[in-house]
Amino acid sequence: MSEAPNPAADDIATNARLRTTVRNVAALNLGYFGIEFAVAVAIGSVSLFADSVDFLEDGAINLLILAGLGFSAARRAKLGMLLAVIILVPGLATLWTAWQNFADVRVPDAVPLSLTGLGALAVNAFCAWLLAPFRAGGGSLTKAAFLSARNDVAANIAIVFAGLLTAGTASRWPDLIVGLGIAALNAGAAVEIYQAARDEHVSAKP
């Protein structure tokens, strides 16, 4: 005779898997932040700087998600709205860095630019794959982490192409343009996350 399903036990198991996944994703993001930031400073790359700040932001988001997994739906929704604001920070940092570097004639080294972008692509693709099973059932918090990782994959592909274009043109413009594109991606993700958190907040009301 088969045992009857136990929804409570399934929820506990799913929550435990989500906690482990979010913890691993946070560690990966914070670890690669240090690598990418060091390369960005060394070669004067706006796009790598923007992406490294994005890794730091993603690590912070996942740590906040980890802290908020035990919250009620209403509190998770409020935290989701806060995360939407946090996601805008790398975009603002990118704009400031681009402005500071606009008059700089230094062209970033194309080889470390592309290689570091490839490394970031691998990390973000792996994080998105880890988070994909939880993106629909974890509320706005988990959606925030998944959207960040997914959008970062596109940004990293652009960084790799920026490196190739930099090698071919010896121009700083590909790096600057990609950096501004990363800011735009983060703004779009922030809007999506805020909308998801707002919907969750409305559905949580009695």
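The following paragraphs describe the fold, the internal cavities and one buried helix residue of a predicted model.

The secondary structure of the chain consists of six helices and zero strands, and along the sequence these elements succeed one another in the pattern α-α-α-α-α-α. The chain comprises 206 residues, of which 44% count as buried. When contacts with a sequence separation of 6 or more are considered, 83% of them join residues that stand 24 or more positions apart. The accessible surface of the chain amounts to about 10200 Å², and carbon and sulfur atoms contribute 70% of that area.

Within the predicted model, two cavities of 30 Å³ or more are found. The largest cavity encloses about 70 Å³ of space, and its lining is made up of G44, V46, N101, D104, R106, P108, R172, D175 and L176. By residue class, this lining of the largest cavity divides into three nonpolar, two polar and four charged residues. The charged members of the lining are D104, R106, R172 and D175, while the nonpolar members are V46, P108 and L176, and G44 and N101 are counted as polar.

The second largest cavity has a volume of about 40 Å³, and the residues that line it are V25, N29, D58, N62, N124, C127, L131, A145, S148 and A149. Four helices, namely α1 (7–43), α2 (46–68), α4 (110–131) and α5 (139–169), each provide at least two residues of this lining. From the residue positions, V25 and N29 fall within the range of α1, D58 and N62 within that of α2, N124, C127 and L131 within that of α4, and A145, S148 and A149 within that of α5. In terms of class, the lining of the second largest cavity divides into five nonpolar residues, four polar residues and one charged residue, the charged residue being D58.

Helix α1 also carries T21, a residue whose relative accessible area is 11% and which is therefore classed as buried, the cut-off for that class being under 20%. Apart from its neighbours within four places in sequence, T21 is in contact with L130, L131 and F134. Of these partners, L130 and L131 lie within the range of α4 (110–131), and L131 is in addition one of the residues that line the second largest cavity.

Notes:
Residues are numbered from 1 along each chain as its sequence is written. This is a predicted model: local features need pLDDT of at least 70, side-chain atom pairs count only at pLDDT 80 or more; totals for chains, interfaces and linings use all residues. Side-chain values use heavy atoms; hydrogens and water are left out. On a 1 Å grid over the protein atoms alone, a cavity is a set of points where a 1.4 Å probe fits but cannot get out, and a pocket is an open set with protein on both sides within 12 Å along at least five of seven lines; lining residues have an atom within 4 Å of a point. Grid points are joined across faces, edges and corners, and a volume is the space filled by probe spheres set on the points. Buried means under 20% relative accessible area, exposed over 50%, partly exposed in between (1.4 Å probe, protein chains only). Contact means heavy atoms within 4.5 Å. Accessible areas come from the Shrake-Rupley method with a 1.4 Å probe; for residues, only the protein chains shown count as cover.
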